[in-house]
Amino acid sequence: MKIKQADYIISAVGPAQYPTDGLPEIALAGRSNVGKSTFINKMLGRRNLVRTSEKPGKTQKLNYFKINEAFYFVDVPGYGYAKVSKADKEAWGRMLEKYFSERTRLSAVVHLVDLRHPPSKDDVTMHDYLAYFGHPVITVATKADKIPKGKHQSQKQTIARDLGLGPDEPLILFSSVTGLGKDEAWSALTPFLN
């Protein structure tokens with residue numbers, strides 16, 4: 001995928017703020033410190049389009065990024081670690097449920113998990129949640145550069161087993177440092193971009 005243009009558009013909290021141009025949307029979901037921002041930047045070949053943070057839980061709205069005037073990446077709030085109030089978490093939950101259950105332009109979801117660890121309870125819940133709404137899910141295991149290559153296959157098998165991934169469901173190993181998995185991720189996403 002050749003990226004000619006990538007722009008931040010809006011941080012939305014509800015349908016009134018969603019773009020109305022009818023372009024397909026790819027949502028990116030994952031735990032607060034899984035590397036969503038870094039994944040987006042690497043995929044788009046941009047260093048700082050999406051700000052990365054040392055403090056998990058900085059994404060609190062649906063952040064829309066328009067790519068090549070053809071589709072959107074939608075960065076959704078991370079789950080798990082964010083130090084926020086119960087009321088804020090409940091508000092995020094309602095916002096996400098509305099988005100995942102009602103947004104007709106949502107073509108697919110990239111679910112990011114950390115290759116170094118077995119999926120957390122929250123990872124499993126999110127995977128089941130997305131499956132419930134019937135969205136195509138592309139699972140991406142980040143931070144592949146942080147463990148020896150010899151462990152990649154066993155970690156991949158653990159993730160596939162714990163998330164209940166079928167043989168036809170994509171599970172892509174990814175490294176924002178080496179670029180591992182970038183082309184594979186674009187190949188998996190391409191059918192959902194029209």
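This is a guided tour of the structure above, stop by stop, with a selection to make at each one.

The model is a predicted one, in which local features need pLDDT of at least 70 and side-chain atom pairs count only at pLDDT 80 or more, while totals for chains, interfaces and linings use all residues. Residues are numbered from 1 along each chain as its sequence is written, and side-chain values use heavy atoms, with hydrogens and water left out.

**The sheet**

Begin with the strands, which like the helices are DSSP runs numbered from the N terminus (at least two residues for a strand, E, and at least four for a helix, H or I). Seven of them form an open sheet with mixed pairing, in the order E1-E3-E4-E2-E5-E6-E7, where two strands pair if DSSP finds at least two bridges between them. Select strand E1 (6–12) and strand E7 (171–173) to see the edge strands, each of which pairs on one side only. On average, neighbouring strands of this sheet are turned by 25° against each other, direction ignored; such angles run from 0 to 180 degrees between N-to-C directions, with axes fitted as lines to C-alpha atoms, for helices over the stretch in contact.

Now select E3 and E4, which run antiparallel and are joined by five bridges. Within this pair, Ile-67 stands opposite Phe-71 in E4.

Add helix H1, which lies across E1, E2, E3, E4, E5 and strand E6 (137–142), and which runs at about 160° to E4. Helix H4 (residues 152–163) also packs on the sheet, touching E5, E6 and E7 (contact meaning heavy atoms within 4.5 Å), and its direction makes about 150° with that of E7.

**Lys-66 and its surroundings**

Select Lys-66, in strand E3 (residues 62–67). Is this residue buried or exposed? Lys-66 counts as buried because its relative accessibility is 16%, buried being under 20% relative accessible area, exposed over 50% and partly exposed in between (1.4 Å probe, protein chains only). Leaving aside residues up to four places away in sequence, Lys-66 touches Gln-5, Ala-6, Asp-7, Ile-9, Asp-21, Leu-23, Phe-71 and Tyr-72.

Show the side chains of Lys-66 and Asp-21, which make a polar contact at 3.3 Å; the term covers a pair of N or O atoms within 3.5 Å, and within protein one must be able to donate a hydrogen and the other to accept it, residues adjacent in sequence counting only if both atoms are side-chain atoms. Then add Glu-69, with which Lys-66 forms a salt bridge, the closest N and O atoms being 3.5 Å apart; a salt bridge is a side-chain nitrogen of Lys or Arg within 4 Å of a carboxyl oxygen of Asp or Glu. Glu-69 is partly exposed, at 45% relative accessibility, and Asp-21, Lys-66 and Glu-69 are linked in a network of salt bridges.

**Two further salt bridges**

The structure holds seven salt bridges. One of them joins the side chains of Glu-25 and Arg-103 at 2.6 Å, N to O. Glu-25 lies in strand E2 (residues 25–30) and Arg-103 in the loop between H2 and strand E5 (106–114), so this pair ties together parts that are 78 residues apart in sequence. Glu-25 is buried at 1% relative accessibility, and Arg-103 is buried at 16%.

Next, select Asp-75 and Lys-36, whose closest N and O atoms are 2.7 Å apart in a salt bridge. Here Asp-75 belongs to strand E4 (residues 71–75) and Lys-36 to helix H1 (residues 36–44), so the pair ties together parts that are 39 residues apart in sequence. Both residues count as buried, Asp-75 at 1% relative accessibility and Lys-36 at 7%.

**Aromatic pairs**

There are twelve aromatic pairs in the structure, where rings of Phe, Tyr and Trp (its six-membered ring) pair if their centres lie within 6.5 Å, planes under 30 degrees apart counting as stacked, over 60 as edge-to-face and the rest as tilted. Select Phe-71 and Phe-73, an edge-to-face pair with 5.9 Å centre to centre and 65° between the planes. Phe-71 is buried at 2% relative accessibility, and Phe-73 is buried at 0%.

Move on to Phe-100 and Tyr-129, also edge-to-face, with 5.9 Å centre to centre and 85° between the planes. Phe-100 lies in helix H2 (residues 86–102) and Tyr-129 in helix H3 (residues 121–132), so the pair ties together parts that are 29 residues apart in sequence. Phe-100 is buried at 1%, whereas Tyr-129 is partly exposed at 24%. To finish, widen the selection to Tyr-18, Tyr-64, Tyr-72, Tyr-99, Phe-100, Tyr-129, Tyr-132 and Phe-133, which form one aromatic cluster.
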